[in-house]
Amino acid sequence: MSDRPRVGVFVCHCGSNIAGHVDVAAVAEYARSLPGVVFVQRNMYTCSDAGLTEIKTAITDQGLERVVVAACTPRTHEPLFRGACREAGMNPYLFEFVNIRDQCSWVHMREPQAATRKAQDLVRMGVAKACLLQPLEEQEVPVEPAALVVGGGMIGMTAALNLANRGFDVKLVEREPELGGLLLRLDKLYPTQDDALPLVEARIAEVRRNPRIEGFTDSMLNEVKGFVGNYEVVVKDHEGRLSSFTVGAIIVATGARVFIPEGLYGYDGQRVITQLELEKRFKEREIDADRVVMIQCVGARIPERPYCSRICCTTAIKNALEIKAHRPSAEVYILYRDTETQGTRYEAYYTRAREAGIQFIRYSPERPPEVSAKRVVVYDELLGAKLGIPYDLVVLSTPLVACDGASELAQMLKVPVDEHGFFLEAHVKLRPLDFATDGVFVAGTARWPSHLEETITQAYGAAARAATILSKDHVTSSGVVAWVNEYLCRGCGACVEVCEFGASSLVQVSPGVEVARVNPVMCKGCGACASVCPTGAMTAMHFTDAQVTAMVRAALSSESMS
Amino acid sequence: MGEFQPRIVVFACNWCSYAGADLAGASRMQYPPTTRVIRVMCSGRVTPGFILEAFRLGADGVLVTGCHPGDCHYISGNQNAVATVEKTAQLLRLLGIETGRLRLEWISAAEGARFARIMTEFTDQIRALGQSPLGNSHRGELDTVGIGEHIGCET
Amino acid sequence: MRDVLVVGGGIAGIQASLDLAEMGIQVHLVERLPSIGGRMAQLDKTFPTNDCSTCILSPKMNDCARHPNITLHTYAEVTALAGSAGDFTATVHEHPRYVDEAKCTGCGECAQKCPTKVPDAFDMGLRQRKAIYLYFPQAIPQVMTIDPDHCIYLQRGKCGVCIKTCQAEAIDFEQTAREVTLRVGAVVVSVGFDFFDPRGLTQFGYERCPNVITALEYERLISASGPTGGHLLRPSDGQPARQIGFIQCVGSRDVRYQAFCSSVCCMHSSKQAVLACEHDPEATSYVFYADFRASGKGFREYVARAEREYGVHYVRSRVARVTEDEANNPVIHYEDADTSRPARRAVDLAVLATSLIPRPDTARLAQVLGIEVDSNGFVKTEPLTPVDTTRPGVFAAGCCRGPSDIPESVVQASAAAARAASWLVD
């Protein structure tokens, strides 16, 4: 009496890799005896063309409804065999792989009998699971070939232009009345000492000329709903008018803000100013200082803000060189803790600064400089002596901090920020521009203080990442995703909380009744939700409770382990 | 029959510990044939039900393996595994099963040698504990509904 | 043309290839070594997350291998690039592996039987491989390669035990080199870097003292899959190294060698110091540095943790030289910057953080590709066009354009993909 599906088992010799230590014939023979198994074959190399053909032939000729291959490892070969099943007209998720090489024949080389026994047990486990496998569908969701770029500074504009030039429509949202961002307020750029404004203005002109980019200045995001490929966005302008549109991907390029060092080092905005305020004076040509003392790490690398803001050493050098360019006889001192001038370009820049006569004095956080009305007193760590430097102007290098509204934006987009308020990428090493939530990307100082060279690179990088979605007609989910049986769900929200990818959400199905629903496109198939579900409503397809339990039982059945 | 051969069920996550197990094989590292690996996508998929079912059916040891903290392919799934194993250990105590029979180990995809060593050590540990106190009493009951299966959610 | 050529299959090349492939573009990824993966495959862990390097790299390598839009040309090199942006003709020289890629399953039985041992370049010569070998266990493609310089059959016509061993009949000594012509619209260069050889700086004792090693050699020692199974054992006597001294800027920021800063060494030495203590709680590390660079995301916190939780001592100093005592312990002689006094410290193992420099063949490759290198020999780019080389349609990503850490290389790779894709628009 069989409501079991028709299972075919293919046992691989893998040359002598398996056959040399496991009695393949005995494994095949054993497989024949298992409930549900109607066909068994041995292959020399199941992954070869010949082997794959044999599988496809057997599916057709024997009317197989499940295929089990006992061979090497699914991590390399599962897609290959799933593909073969697909080609033979069988749902690829009705395939199960049993590892009898990497985790059997290769590791029990001196115990062939035990290895054979283990291989038989593993095949029994695989067949037990295979009998419970269900055909799974890969969902296709159409992609809107348009992007939303939040932030119209240099980075937002660069990303927008790259996408627009590739044929995608771009909605560029900027909360200030004009595009351009922080670069509008800079005088020069490093390490070239070129003027900042022409660069920004050129980019703004390009953006305005581009028919594919629709700019919304003096506007902010009001609402973002949906998921990768289909984000529904509402933008509100300064008069409260709403615009809505749909996009397939979102790039966050909202920049950062310069920290104002209130109460530090006598900051008064007059004689003790920030680097950004200095640049404003450059632009207005208001520099007549003959003795300038710059202090690095003001408000940075301290307990409240332990990070280094990366760009302040090079910014100080840039502005110091600018002072020297205007007033060659000026004395400029940079009081630093470390010189963050890495790589080829910035080390050379540091050398250039010293050659221009800029004096670098190292101080220690235990003995910070003291700014009085006339002098800066600092303990020179290298010299081992205290110096008193009379000054006309003190310039404080302060860090970039998260800009206003960053955390609200993060919540709207359902993306995280780190403890400093900077947007937190999916993986610091290998996915630095992605968020864990598919379809949203980040570039520029919104992510972390970075040199312009780096943020421009990130702008192109984020555009590439967005293009990997926008280039497709549709995004496809894997079949291995979670699914909710809404009759059993009581809307507790445990799955929503545990999901790192925002795939599960609560929806109202009738007044006062909420159930969870999984978006298969966003689900990564980890099964965490199924594990925390208190009612069993959540099913992790392809790794269901019943399937895993069947494997546990098969592992421990009375036949095993003599 | 000779020496007691422990029956050990191992849950291994696809991205780290299962890969580490494969690496042990590729490196031809030898360990006792006492373990049966069940692959899951994430160690966070393992439930107390799976572990208890294994012990109910006579497993002498259960090993849950996954990515090192911070390395989880799904970011925090392995934290679920910690909670699951802790919860289950408490239940095992109530059931009179030595908690040394349940173990949680982090094994990365590069740690083939570590995988082999842990299989060997755990086998020795279980050998020392002897056969599970639940013994053979529930073997043969393969068709009954057990702890690990939710009724009605499987189509 | 709608195809793109990516030269160099490390993490930058892999990322660029995947991004392009996902955009629907056909990619030809050419890699000089028998496997893609590059330097990341040689690392144990990566800063500042201390992720297992292979674990995060392998899935990307597998994606590359499986992607329908990516064709791998491993054990191959680009020998010519004609044409111009939008329509290049590239010539790729594929070396013979003497193994049929279609038949070989990478099972390794042949290597078990091969009688010839060769220093393993992947393990920095700390271990040996066979004349027929897999570059490293997770190599992609999972295909063996025969080293023609050391194979007895190819050199002298004898042996051939691999032929007898291989049940897939994959050994093919008749194989010859192949020239492949590719028409592409754009090129991405991502050939990576080399480490400066510290032998010339005799004051550091690299050749003189067996227990003075380089950072990459240390990385192989501390790798779980490395020659000592992850145990930090001294080369001289195989004893565990408990006191480790890391000497920064060997060859860097030095007008006699490399004037530039290699960017990543402050952090990789910190990571290596942390790993020493993770492996062995009795281990103590000393990092001898002049200036410390840790401005990346999470870096300062990592360094603070290294000091606080792992007891790493950061010594601001100038190292003059390394001598050796009777027990082969390296003795580091330095000027302590805080006291301005000379001092010395004996350690079990000294690790030299040497400069990241262009690969020796970068200059030749640059000529082949028609691009310029800068005064340091890296592929030349400008700050405002950071991934554009001097030749339109050819882009650069990763350490070949300057020392970069992994996230920077990955970002540059995606950027190069975006730029390259722009050239394919009709």
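Helix α7 (residues 265–279) and helix α8 (residues 299–310), both of chain C, have axes that come within 10 Å and cross at roughly 30 degrees. The model is predicted. The points below cover this helix pair, the largest nonpolar core and the surroundings of Ala113(B).

**Helix pair in chain C**
- The crossing of α7(C) and α8(C) is left-handed.
- On the α7(C) side, the contact is made by Met267(C), Ser270(C), Ala273(C), Val274(C) and Cys277(C); α8(C) contributes Phe299(C), Tyr302(C), Val303(C), Ala306(C) and Tyr310(C).
- Sorted by class, the residues of this contact are 9 nonpolar and 1 polar, with no charged residues.

**Largest nonpolar core**
- The largest nonpolar core contains 399 residues.
- Ala70(A), Ala147(A), Ile251(A) and Val188(C) have the most contacts inside this core.
- Helix α12 (residues 452–470) of chain A supplies the largest share of the core, 11 residues.
- Beyond its neighbours within four places in sequence, Ala70(A) is in contact with Val9(A), Val11(A), Cys12(A), Val27(A), Val98(A), Ile100(A), Ala119(A), Val123(A) and Gly126(A).
- In soluble globular proteins, nonpolar side chains tend to be buried together.

**Ala113(B)**
- Ala113(B) lies in helix α4 (residues 112–129) of chain B.
- Because 18 other C-beta atoms lie within 10 Å, Ala113(B) counts as partly exposed; a buried residue would need 20 or more.
- Not counting residues up to four places away in sequence, Ala113(B) touches Ala24(B) and Met29(B) in chain B, and Ala224(C) and Gly229(C) in chain C.
- His73(B) is 40 residues from Ala113(B) along the chain, and their C-alpha atoms are separated by 21 Å.

Technical notes. Residues numbered from 1 in each chain as written. Chains lettered and ligands numbered in written order. Predicted model: local features only at pLDDT ≥ 70, side-chain atom pairs only at ≥ 80, totals over all residues. Axes fitted to C-alpha atoms, helices over the stretch in contact; angles between N-to-C directions. Helix = DSSP H or I, 4+ residues; strand = E, 2+ residues; numbered from the N terminus. Left-handed = near helix turned anticlockwise from the far one by under 90°. Contact = placed C-beta atoms within 7 Å. Nonpolar A, V, L, I, M, F, W, Y, C, P; charged D, E, K, R; others polar. Buried ≥ 20, exposed ≤ 12 C-beta atoms within 10 Å, placed from the backbone. Core = buried A, V, L, I, M, F, W, Y, C linked by C-beta atoms within 7 Å.
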